[in-house]
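User: I'd like to learn how to read the meeting of two domains in a protein model. Could you walk me through it?

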Amino acid sequence: MSKIIDFRSDTVTRPTPEMREAMASAEVGDDVYGDDPTINSLQAYAAERLGFESALFTATGTQANLLAIMSHCGRGDEYLCGQSAHNYRYEGGGAAVLGSVQPQPIENEPDGSISLVKAKAAIKPDDFHFAPTRMLSLENTIGGRVLSLDYQRQARAFCNDHGLLLHLDGARVFNAAVKSECDVTEITRYYDSVSVCLSKGLGAPVGSLLLGSKAFIERATRLRKMLGGGMRQAGILAAAGRIALEKGPQRLAEDHENAEHLSAGLADIPQLEINPASTQTNIVYARCRSGKAAGLRDFLHTQGILITAGDPIRLVTHRDVNRQDVDQLLEAIRRFYQL
């Protein structure tokens, strides 16, 4: 079978042979009882690596973000987030449906940040007519864009000044650290809690982590059980997650370089609209000037290449996409517009 080249997301990465071997031989126990040594090891390593007291292994990033919101906020509370935030737009409304926590979205700035002036105006007065504002949630990276360290420092000071907790949806926080040329702890140090996805660019088949204080993780663990997330012998998954966390960040720069190469190539195709300078990490956005995104998707599928036909089209580089694959995509797009 010929190789399928998949640019739809970095969630499509397959476990490496090393991960498969580790999964097959992982020592396991019942994690609901706290008896799975491989999960316990992953959680302890993650907490130390990212600078927190404790960590919790979760099935998905959506679950990790929901646990963070529900652990920080009570029923009838409110959290501030970006209009484009994943935990607001793309996670099924879980905070409202399952946590009875009201999101207050604020339009993201062009760089992905949230104006702290607008955030201050959105904080509700201490009045029983309003849901109490408890938390600010940021995302880094967001749509492939990286929040500056200075902005995150300002956000921490803002939350301190206004009595808010600060959560980071850090699904791709290691991509942000690579682009910012800093250790990941230079980002996570500003937050009360952070979620990290192991199954995107880091390459694990399943799983995310939620990190915070010991008391916070104890609340989240209780809520995880309530939400059906108490997994049993899940050390077979954590074994791959440990490898992803230890080794995955070391090669993210390659994904960024491939995305930059892809952006430059797309900019040379007149039928597409793209600003190569907007590509910061591993996510590339381009628009079809002729509105033929669906047709392009269908043609590329016949060439063994998968994309999502959006407006704009989002193309994501990852471990299972190399420079030759990027060039093959560019050549296929050129052929499509010559038809």
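**Reading a domain interface**

Analyst: Happy to! Four residue pairs, both at pLDDT 80 or more, make polar contact between domain 1 and domain 2; a polar contact is a pair of N or O atoms within 3.5 Å, where one must be able to donate a hydrogen and the other to accept it, and residues adjacent in sequence count only if both atoms are side-chain atoms. This is a predicted model, in which local features need pLDDT of at least 70, side-chain atom pairs count only at pLDDT 80 or more, and totals for chains, interfaces and linings use all residues. Residues are numbered from 1 along each chain as its sequence is written, and side-chain values use heavy atoms, leaving out hydrogens and water.

User: Where do the two domains lie in the sequence?

Analyst: Domain 1 covers 5-12 + 251-337, and domain 2 covers 17-247; the bounds come from an automatic or database domain assignment.

User: How is the size of an interface usually given?

Analyst: Often as the accessible area lost when the parts come together. Here about 1,300 Å² is buried between domain 1 and domain 2, with carbon and sulfur atoms giving 50% (1.4 Å probe, summed over both parts). Asp10, Leu252 and Gln280 supply 41% of what domain 1 buries against domain 2, more than any other three residues.

User: Which residues form a salt bridge?

Analyst: The rule asks for a side-chain nitrogen of Lys or Arg within 4 Å of a carboxyl oxygen of Asp or Glu. One such bridge crosses the interface: Asp10 pairs with Arg172, their closest N and O atoms being 2.8 Å apart.

Notes
Buried area is the accessible area (1.4 Å probe) that two parts lose on being put together, summed over both.
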